[in-house]
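Colleague: I would like to learn how to read a protein structure, feature by feature. Please take me through this one.

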Amino acid sequence: MAASPTVRRQARAVRLGPRSLTALALVSAVGVAGFGWPFLAPPGSQIGAHAQDAPWLFAGLLVLLVAVVAAAISESGLGPKAVAMLGVLAATGAALRPIGAGTAGIEPMFFLMVLSGRVLGPGFGFVLGSVTMFASALLTGGVGPWLPFQMLAMGWFAMGAGLLPGPDRLRGRAELAMLAGYGFLAAFAYGTVMNMAGWPFMSALASNVAFDPHAPVAANLARFIAYCVATSLGWDLGRAVVTVVLTLVVGPAVLRALRRATRRAAFEAPVTFEATRQ
């Protein structure tokens, strides 16, 4: 009798079931509306007249985000080790955020979100990104109507890393290159969507790059691009470069540590042996 090892596919720390997927889809749909309403509302509509109210109206996203976190944790059956890992990673990310305080885009927490989402999957990544941003806001005093937007954007950021191809077989330099490329693009995407959250609240009389509720979509899109270039391009580039550098330099060690921790936390299915007849 001989035994041949069969290694099962890597399990995810959080499995998104029907309830979690429904809540996540709802939050994402409301988030898209919250970020992109200047381009979705027709010119001259009454929505533009309530631009100053939007931060408070969409602050209701925070309640939905908490519901997603609760649903994901309860439905996936996370044990104490998994919850502890979520707490440790969220605390680490929150502690990393004030290091650069956003100066010139020096924000090292982003690379940790990329690597954690990659190893632990999209469900865990979304929960981790949201909780980390919430914890860092409490730590730095950054609580305000912008917080739900930051939580959702960071949840998308980390979840996207968990959706990248080859989680079970791609390793080494190819994986690092993919993660670095994703981190570079996603860092710009994060800055862009956060610009969308704040850009409509500039007075159109104060700047020619501000949102104009009476202008057509194409004109507002040109204004928005000019706004991004003028206000955040340098920070977004710095964030992207820092994410790439940290991913390439310390990424291998962090990936190994995260994968070792997931095995010890029993996220991955154990190796089983199937008897084969001679």
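Modeller: Let's begin with how helices cross: a crossing is left-handed if the near helix is turned anticlockwise from the far one by less than a right angle, and right-handed if clockwise. Here, α1 and α6 make a left-handed crossing. Before we go on, note that this is a predicted model, in which local features need pLDDT of at least 70 and side-chain atom pairs count only at pLDDT 80 or more, while totals for chains, interfaces and linings use all residues. Residues are numbered from 1 along each chain as its sequence is written, and side-chain values use heavy atoms, with hydrogens and water left out.

Colleague: How many helices and strands are there in the protein?

Modeller: Helices (H or I, at least four residues) and strands (E, at least two) are DSSP runs, numbered from the N terminus. This protein has nine helices and two strands. Follow the sequence and you meet them in the pattern β-α-α-α-α-α-α-α-α-α-β.

Colleague: What share of the residues in the protein is buried?

Modeller: Buried means under 20% relative accessible area, exposed over 50%, and partly exposed in between (1.4 Å probe, protein chains only). Of the 278 residues in the protein, 49% are buried. The accessible surface, computed with the Shrake-Rupley method and a 1.4 Å probe (for residues, only the protein chains shown count as cover), comes to about 13,300 Å². Carbon and sulfur atoms hold 69% of that surface.

Colleague: And contacts: what percentage join residues at least 24 apart, among those between residues at least 6 apart in sequence?

Modeller: Contact means heavy atoms within 4.5 Å. In this protein, the share of such contacts that join residues at least 24 apart is 82%.

Colleague: Back to the helix pair you began with. At what angle do α1 and α6 pack?

Modeller: Axes are lines fitted to C-alpha atoms, for helices over the stretch in contact, and angles run from 0 to 180 degrees between N-to-C directions. Helix α1 (residues 18-40) packs with α6 at an angle of about 120°, and their axes are 11 Å apart. Angles under 35 degrees count as roughly parallel, over 145 as roughly antiparallel, 65 to 115 as roughly perpendicular and the rest as oblique. α1 and α6 are therefore oblique to each other. On the α1 side, the contact is made by Leu24, Val27, Ser28, Gly31, Val32, Gly34 and Phe35, and on the α6 side by Phe149, Leu152, Ala153, Trp156 and Met159.

Colleague: How many residues of the contact of α1 with α6 are nonpolar, polar or charged?

Modeller: Ala, Val, Leu, Ile, Met, Phe, Trp, Tyr, Cys and Pro count as nonpolar, Asp, Glu, Lys and Arg as charged, and the others, Gly among them, as polar. This contact has nine nonpolar residues, three polar ones and no charged ones.

Colleague: How do α6 and α7 lie, roughly parallel or roughly antiparallel?

Modeller: Helix α6 (residues 147-162) and helix α7 (residues 173-198) pack at about 160°, with axes 10 Å apart, and they are therefore roughly antiparallel. Their crossing is right-handed. Residues of α6 in the contact include Phe149, Ala153 and Trp156, and those of α7 include Tyr182, Tyr190 and Met194. By class, 13 residues of this contact are nonpolar, two are polar and none is charged.

Colleague: What lies in the loop between α6 and α7?

Modeller: Arg171 is one residue placed there. Arg171 counts as partly exposed, at 35% relative accessibility. Its C-alpha atom is 9.9 Å from that of Leu255, although the two residues are 84 apart along the chain.

Colleague: Which residues of α7 and α8 meet?

Modeller: Thr192, Asn195 and Met196 in α7 meet Phe224, Tyr227 and Cys228 in α8. The two helices pack at about 115°, with axes 11 Å apart, in a right-handed crossing. Asn195 is worth a look.

Colleague: Is Asn195 buried or exposed?

Modeller: Asn195 is buried, with a relative accessible area of 10%. Leaving aside neighbours within four places in sequence, Asn195 is in contact with Phe224, Tyr227, Cys228, Ser232 and Asp236. Ser232 itself is in the loop between α8 (217-231) and α9 (233-264), and is buried too, with a relative accessible area of 8%.
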